[in-house]
Structure formats: structure tokens, C-alpha cells
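Subject: Structure handover

Hello,

Here is the structure I said I would pass on. Please load it before reading further, since the notes below refer to it throughout.

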Amino acid sequence: MKALGILPTTRGPLVHAIPVFSFGPRRGSREVLIAYRENGWLRAVVDTVADAVATPTWKAYKRVGFGGMMRYDARWKSAARHERRKALEEATQAGELVELPEHEVLRLLESPHPEYPGRELRKLLQVHLDLVGETFLWLRLGQDGRPVGWESVPPHCVHMTPQPGRPYFALSYGQFSGYVPTEHMLWLKHLDPENPLGRGVGRGTALGDQLDTMEAIDKATKGTFERGGLPHAVVGLDSKHEDFERQEAADDLEKRFKEEFRGPENAGKVWFTPGGVTLAQVAINYRELQADELAKSLRSYVRHVYNVPPELLGDTTSANRSTSEAAKYHLAEYAVAPRLEFLLAWLQHRLVPLIDADVILDYEDPRPQEFERVFRAMTTPITEAFEFNEARAFAGFEPLPELEGKLPAPLPGQGGGGNNAASVECPSPRCWCPRSPSSSRRRAPTSSPGQAPASPTALTGASMMSWHAPASGPDSSRAGARIASGQHADGRGNWNTRPRRGSVRSASADFAGRPSPRTCASSTCAPRGAQSRTR
């Protein structure tokens, strides 16, 4: 006992010299799998995540050599999926990588078993990981020694994992009971922080107490409606005679009670019994037990553990169209994508080298396109900083060849500082806007002979443009933008940011017969005018 470190010795305990491994299945592994089969709520939550993880399509890339040299970029296998996906797309467009839609790795992931579809086996794999925290894939090897399929082994059927000096798994599954070499088994697991060398840890095993409580509430409710739970009353018999047979008298009284009061037609009758009979009523107050509130709290806790929004499980208490669309994105971003990254890391590390070490795995983005995001992208005018095809790609549409490299026109009030040549001068001689060459020929209106000059403060908004606006250049463009927005200037040339009432109506009256700046026929101003009408 002292040598094993159980008892103290003069030299200290020796237990550190003896390797202690957790090679057996964890307590509750089989029970939590049974709970998945029997507990409808747990199965609904786990299936919501597992179905979404098993759905995305996997991709395979391979490097292409130029002149006998092959470049490698560490971002192609980066754990940051956004950076990795961008690097793979750039390398594919540059010809450094080529996508292989019919590679052996993809065929193995799509059809790993001759009897079951690949999606169901990928879902089973994820169910084992979510409940128990580990899954075992018994690889089926071809004639060349490479994997051509696998058999999913339940975690509780694996009784021992490889140990130093024993490189094999001990399992009992179906009609097989024996040892499987390490190279024939693919062991995927969530590492246990307490013992990373031991068995995996899952969320289902962490929910053991909550699942047991939910099961107890369901069974108690079932028993209450089947047998009535606790009796509603307790009847007792007593007598002063020593030869009184209490059990026999109780059975006889129960028999008489059932004969006289069984059935709805005997309800409300008065029953006469001999003396010595006592009655004690027992009442169950389910409201004080708060069983319903406790069950709701436990179901919500289980749902939170698996990062599943309530809208995806039929809870529409506070749901609307916006929250329903956001729930799908939330599930893909915080539940599905991390699990796919986990599978990608393990498959790239353990499975790919057994088939083709040069293959780079990836998967399709599981996040759906939000309706609000697409709607805003299609209805909001874009700025000069982005091309039309970039806006289409953001909204989820394919680029158009006729829009390649084209930028939109400046929005109203933008680009008037002379940053581009088109904003300085409008080519249309009939355009009534501050960029038109005809605006330089406009002068301040003069009064008739014998009248006082017109006061600048009495001019309309349209007249103020020809009175105060410079002949051409950036200042003319800025002045036109202010006039178009309804601003006006005082007699000293200072602009008032408050809109002047009736400025548009006065402009139409003073410049009747001239094209309005909102209906400019010039090809340069037409996009801006069209956007002004849209806004």
C-alpha cells in the first residue's frame, strides 16, 4: 500500500511514477444516449444542431506547381475561417490552387457506408460529439491500405483506449468483441481540461442532473394521471375489542365502498358506516410545487447549452419575421460554424493524411443570407467607393460582365468638391445646374430704370444662385448643392442652413422654360437626378 502511494512513506508518495489513464467509458455515456432516444426535448435540441452540421457540402483543394515549384500559404489552413476562405478564393483565382469536386476524400465523406447515407452518418457523428464528447470511426481499408469507409461505434462500446505498450482499442459492438489497431480507428474527441489524455467530454454528460430532473417531473406527472399520485384520503378503522381483525375489516370496508360508490351514478350519495372509522384527506398543490415553471426553466437551460434560439424550436412567444430570420443566422454563426471548424481540424489532421496529404479541406459557409441585409443592399444607393459588382456580391448575386469595373455616380451632395472632373462642369448647355457652362453667363437681376436695385434678401432661392454663385469651379458646385437642398444666403453672402419655404416653387416660377436640375437630360447629371428622385 505504501509503494502505491496510498499510505505515506519516508520518501514521499510514489503515485506520480505510476501512469493513471482514464481508458474506460465515462459514467453516464450510455444513459445520455438513451435519454436522447427517450427525451423528446433533448432530441429536438440536439437534432437541430446535428442536422445543420451534417448539411453543408465539403470542398477539397490541391496545390498547382509552376516551373517545378509549389507555393504554400499558411492561411489556407488557418483556424480563422474568414481569413482562410478569402485566401483560398484568391489562390484559386490566381491558379495556385485547384478545386477538386471528385476527390477521394469527398467521396469518403459523402458515402462512407454501403447501407447508410453519408448525411445520416455525419449527423450520428455529431450527435455522439454533442452528447458524449467523442466519437469513434472504425475505418474500412481498401486493397491499397487507404480508407474507403467507416463504421460509427457508440462511445460506451469502446471499453479501453490505447495505452503505452498497448496500441489498440478494446471494444464490444454488435457481434464483434476484441481489439482494433490504432491505425484502423479514428478517435475524435473534445479534450477534457482535467485529463486531456483521457476520454472526451460532451455537453450531454454535463447536463446529467438537469436531464434526470426533467425525467422525474415527466414520470411524476404521468403517475399522477395514471394512478392519481398520492391518495386523496386515508381511511382508518379502530375498535376496543381485542379480537378485532383490522386488516380484514379494512378490506371488507373497501369492498363495500367500491360496490356502492363506483361509477358516476353513485356520486354524491351518503354512506353510513359503523363507528371507529376515521378519514384524513390528502391534497396535492401543484401550484406550490411549481413543476411547470421548473420544467420550462430546465428546457430553456438545455436549449442555451446547445446555442439554439427559441424560434427554431417552435417557441413563437416573442417571435416575428425579423427574429425568425436572425435565429437562423445565430444558429449558423454560434452553433454550426464552431462545430464544423472542429470537424475540419480533426479531419485535416487525422483523415486526410491517410488518403492524400496534399489536400486542403474546407466547407461551404453555413450562414444563410439575411433577408433584411439583402433588402438593404438592393435598395440603398451605393457610393463611389464600391463598384456595382461588389454591391451585387454583397447581396448574394453573381457579377455582371457589363458592370465590371464601373462605379456609380456621386450621390446628391457628394463629389461637389472637385474630386472628379465630371463634378466640375456639366457638358449639357441646357442643364440648369451649377455645373453647367451656361451658369457662368448668368448675372444678378437688375432693376428697371427709375427703380432701386433689388435687395439680395428679397431674391428667391433660384435667383440667389445666379447672384451669389461663382461663375464656375468647385465653389459653383457647392453653391448649387446648397440651393438644391433649400438653403439661402443673406446679403453678405453667408449661407443659412435653415431651408427656405417656397424656394423650389420660386425657382420654378423664375426659371420657367428651363430644365429643372432634378430632370437634367445630361448623361453626367442624369444618374444624380435619378437618385434625387428616388430619395
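The notes below cover the pocket, the cavity, two helix contacts and one sheet. Please keep in mind that this is a predicted model.

Largest pocket

The volume of the largest pocket comes to about 990 Å³. Its lining is made up of 24 residues. Those nearest the centre of the pocket are Arg 85, Glu 89, Asp 365, Gln 369 and Ala 393. Four elements each contribute at least two lining residues: β1 (58-63), α3 (81-94), β11 (360-363) and α13 (388-395). Of these, α3 gives the largest share, with 6 residues. Sorted by class, the pocket lining holds 11 charged, 9 nonpolar and 4 polar residues.

Largest cavity

There is 1 cavity of 30 Å³ or more in the structure, and the largest cavity encloses about 100 Å³. Its lining consists of Val 53, Ala 54, Trp 58, Leu 109, Arg 122, Leu 125, Trp 150, Leu 188, Leu 340, Leu 343 and Leu 347. Two or more of the lining residues come from each of α2, α5 and α11. The largest share belongs to α11, at 3 residues. By class, 10 of the cavity-lining residues are nonpolar and 1 is charged, with no polar residue in the set.

Helices α5 and α11

Two of the elements that line the cavity also pack against each other. Helix α5 spans residues 118-131 and helix α11 spans residues 321-355; their axes lie 12 Å apart and meet at an angle of about 105°. The angle falls between 65 and 115 degrees, so α5 counts as roughly perpendicular to α11. On the α5 side the contact involves Leu 125, Gln 126, Leu 129 and Asp 130, and on the α11 side Arg 339, Phe 342 and Leu 343. The residues of this contact are 4 nonpolar, 1 polar and 2 charged. Leu 125 and Leu 343 belong to this contact and also to the lining of the largest cavity.

Helices α1 and α2

Helix α1 (residues 29-38) packs on helix α2 (residues 40-54) with an axis separation of 6 Å and an angle of about 95°. This pair is therefore roughly perpendicular as well. From α1, the residues Val 32, Ala 35, Tyr 36, Arg 37 and Glu 38 meet Gly 40, Leu 42, Arg 43, Val 46 and Asp 47 from α2. By class, the contact of α1 with α2 has 5 nonpolar, 1 polar and 4 charged residues.

The sheet β5-β6-β7

How are the 3 strands of this open sheet ordered and paired? The order is β5-β6-β7, and the pairing is antiparallel. Each of β5 and β7 has a single partner strand and stands at an edge, so one side of each lacks a neighbour in the sheet. On average, neighbouring strands are turned by 30° against each other, direction ignored.

Strand β5 (residues 158-160) is joined to β6 (residues 168-173) by 2 bridges, and Met 160 sits opposite Ala 170 of β6. Between β6 and β7 (residues 176-181) there are 6 bridges, with Phe 169 opposite Val 180 of β7. A hairpin is formed by β6 and β7, with 2 residues between them. In its turn, Gly 174 has a positive phi of about 65°.

Regards

Methods
Residues are numbered from 1 along each chain as its sequence is written. This is a predicted model: local features need pLDDT of at least 70, side-chain atom pairs count only at pLDDT 80 or more; totals for chains, interfaces and linings use all residues. Side-chain values use heavy atoms; hydrogens and water are left out. On a 1 Å grid over the protein atoms alone, a cavity is a set of points where a 1.4 Å probe fits but cannot get out, and a pocket is an open set with protein on both sides within 12 Å along at least five of seven lines; lining residues have an atom within 4 Å of a point. Grid points are joined across faces, edges and corners, and a volume is the space filled by probe spheres set on the points. Ala, Val, Leu, Ile, Met, Phe, Trp, Tyr, Cys and Pro count as nonpolar, Asp, Glu, Lys and Arg as charged, and the others, Gly among them, as polar. Axes are lines fitted to C-alpha atoms, for helices over the stretch in contact, and angles run from 0 to 180 degrees between N-to-C directions. Angles under 35 degrees count as roughly parallel, over 145 as roughly antiparallel, 65 to 115 as roughly perpendicular and the rest as oblique. Contact means heavy atoms within 4.5 Å. Two strands pair if DSSP finds at least two bridges between them.
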